[in-house]
Amino acid sequence: MNDLERASLLLVDDLPGNLAALEALIGHDGLDIHQAQSGAAALELLLRHEFALAIVDVQMPGMNGFELAEYMRGTERTKHIPIVFVSAGGRELNYAFKGYESGAVDFLQKPLDVHAVRSKVKVFVDLHRQKRALSRQLQALQAAQHEQEILMAQLKATQAELEVAIRNRDDFLSAAAHELKTPLNVLKLQAQMRERQLNDGEAPCGEKAARMVKRETRLIETLVRQIDDMLDISRIRTGKFYLNPGRVDLAELVGDMIEQFAEQLECAQMPVHLLLQPGIVGHWDGFRLEQVLANLITNAMRYAAGSPLTLTVSGNGEQAQLIVRDQGPGIAPEHHFRIFQQFEQAGSGNGGLGLGLYICQQIIGAHGGHIAVHSLPGEGTAFIIDLPVAPPL
């Protein structure tokens with residue numbers, strides 16, 4: 001019999017011989033029997049053990065059986081323990097009634113009937129075991145219910161995430177179709193126009209041809225950049241987004257990027273101010289930092305065209321800081337966190353896939369750095385990038 005099936009009995013009598021005889025009468029089959037020769041000793045045992053039944057002699061010096069029963073019924077821990085009184089006298093009905101009023105479940109007279117004692121003990125021990133088994137089942141049911149509630153909460157959260165993911169996917173596919181189709185349509189129209197000119201025996205002059213080639217090159221670069229963004233999202237999600245770090249001079253990198261975007265910045269009527277501290281050199285992936293700068297400059301041209309653009313590089317031997325600041329319409333504080341999420345835009349939907357700033361955040365984070373936005377409506381926008389000069393551990 002395992003420990004969960006065993007039960008404890010409390011025998012209380014002031015005479016050791018009576019206790020020994022009662023214990024021998026009951027037996028030890030699956031029972032742990034505890035003896036007490038006084039009410040005080042019984043109370044001490046009651047505080048330490050869980051009993052299925054207490055068999056108490058009524059007539060004891062000091063605290064008698066009725067008084068012990070009253071103490072037991074007044075304590076939360078012991079008030080549910082069944083009490084069987086044993087007495088050598090007091091066959092009068094009022095004496096038995098007093099025992100029942102004290103909380104007894106039965107009343108036995110000496111000399112004890114062996115069969116009756118064993119039968120009563122078995123009944124109450126079985127009831128105790130059933131009660132304990134029901135309690136364990138209830139606890140198991142409550143635990144299962146709690147686990148089910150947790151699973152339901154997780155399921156609802158997963159369902160909500162799935163709905164957001166589906167909505168983002170649909171928005172992304174719609175935006176991607178629009179953004180990729182626009183430059184492709186322009187390229188298609190220009191190709192058709194050249195085909196028509198060639199069929200008519202016309203050929204564009206050198207200057208016009210150069211402008212057309214430059215325009216087409218810019219459109220192709222836009223397509224490549226958008227496709228690269230989509231590929232980067234795939235790499236980030238699959239854990240295949242890697243850096244190829246090397247020695248990078250941050251001021252030189254910024255200067256080179258502004259030179260690459262010079263014509264586009266001029267078309268956007270954005271004068272550029274460079275505040276570049278020389279000698280800020282770190283162990284970074286130059287290609288990925290160019291990607292970050294390209295995204296920030298492109299955003300500035302999209303949302304703040306016609307206003308100045310300022311790029312600042314500063315730092316020391318441990319940290320480098322790059323700030324890209326425009327004088328555009330700004331971004332409300334409640335949108336600062338949102339713009340770094342996938343498929344979100346730093347404005348009111350002026351184009352783009354909504355991936356650029358998310359990718360920028362992933363790139364800077366992979367370097368062990370941090371990117372933040374400082375902006376208020378009507379006061380322009382500043383993206384602040386902090387990078388450790390030494391490679392991250």
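What follows is a chat about how some labels in this predicted model are earned.

Me: Phenylalanine 66 and phenylalanine 85 are listed as an aromatic pair; what makes the pair edge-to-face?
Reply: Two values settle that. The ring centres are 5.1 Å apart, and rings count as a pair when their centres lie within 6.5 Å. The planes meet at 80°, and anything over 60 degrees counts as edge-to-face.

Me: And what parts does that pair tie together?
Reply: Phenylalanine 66 lies in helix H3 (residues 65-73) and phenylalanine 85 in strand S4 (residues 83-87), so the pair links parts 19 residues apart in sequence.

Me: How do you know whether phenylalanine 66 is buried or exposed?
Reply: Its relative accessible area is 4%, and buried means under 20%, so phenylalanine 66 is buried. Phenylalanine 85 has a value of 0%, so the same cut-off makes phenylalanine 85 buried.

Me: How many aromatic pairs does a search of the whole structure find?
Reply: Two. The other one joins phenylalanine 340 and phenylalanine 383, with ring centres 6.3 Å apart. That is within the 6.5 Å limit, so the rings do pair.

Me: Why is the pair of phenylalanine 340 and phenylalanine 383 called edge-to-face?
Reply: The planes stand at 85°, which is over 60, so the edge-to-face label follows. Phenylalanine 340 sits in the loop between S10 and helix H10 (356-366), and phenylalanine 383 in strand S12, so this pair ties together parts 43 residues apart in sequence. Both phenylalanine 340 and phenylalanine 383 are buried.

Me: Now glutamine 269: what makes this residue count as exposed?
Reply: Its relative accessibility is 60%, and exposed means over 50%, so glutamine 269 passes the cut-off. Glutamine 269 is in the loop between helix H8 (262-267) and S7. Its phi is near 55°, a positive value in a residue other than glycine.

Me: What makes strand S9 and strand S10 a pair?
Reply: Strand S9 (residues 309-315) and strand S10 (residues 319-326) share seven bridges, in the antiparallel sense, and at least two bridges are needed, so they pair. As one of the matches, threonine 310 has arginine 325 in S10 as its bridge partner.

Me: Where do S9 and S10 sit in the sheet order?
Reply: The order is S7-S9-S10-S12-S11, an open sheet of five strands with mixed pairing.

Me: Why are S7 and S11 called edge strands?
Reply: Strand S7 (272-276) and strand S11 (370-375) each pair on one side only. Direction ignored, neighbouring strands of this sheet are turned by 10° against each other on average.

Me: What makes the side chains of strand S8 alternate?
Reply: Gly282 and Trp284 point to one face and are buried, while Val281 and His283 point to the other and are not. S8 pairs with strand S6 (residues 246-249) in the antiparallel sense over four bridges, and glycine 282 is the bridge partner of valine 248.

Me: Last one: how do you know which kind of residues line the largest cavity?
Reply: The lining is Leu250, Leu253, Leu289, Val292, Leu293, Leu322, Ile364, Ile385 and Leu387. Leu, Val and Ile count as nonpolar, so the split is nine nonpolar, no polar and no charged. H9 gives the largest share, three residues. The volume of this cavity is about 50 Å³, and the structure holds one cavity of 30 Å³ or more.

How values were computed: Residues numbered from 1 in each chain as written. Predicted model: local features only at pLDDT ≥ 70, side-chain atom pairs only at ≥ 80, totals over all residues. Heavy atoms only, no water. 1 Å grid on protein atoms, 1.4 Å probe; cavity = no way out; pocket = protein on both sides within 12 Å on 5 of 7 lines; lining within 4 Å. Points joined across faces, edges and corners; volume = space filled by probe spheres on them. Helix = DSSP H or I, 4+ residues; strand = E, 2+ residues; numbered from the N terminus. Axes fitted to C-alpha atoms, helices over the stretch in contact; angles between N-to-C directions. Phe/Tyr/Trp six-rings, centres within 6.5 Å; stacked < 30°, edge-to-face > 60°. Buried < 20%, exposed > 50% of the residue type's maximum accessible area, 1.4 Å probe, protein only.
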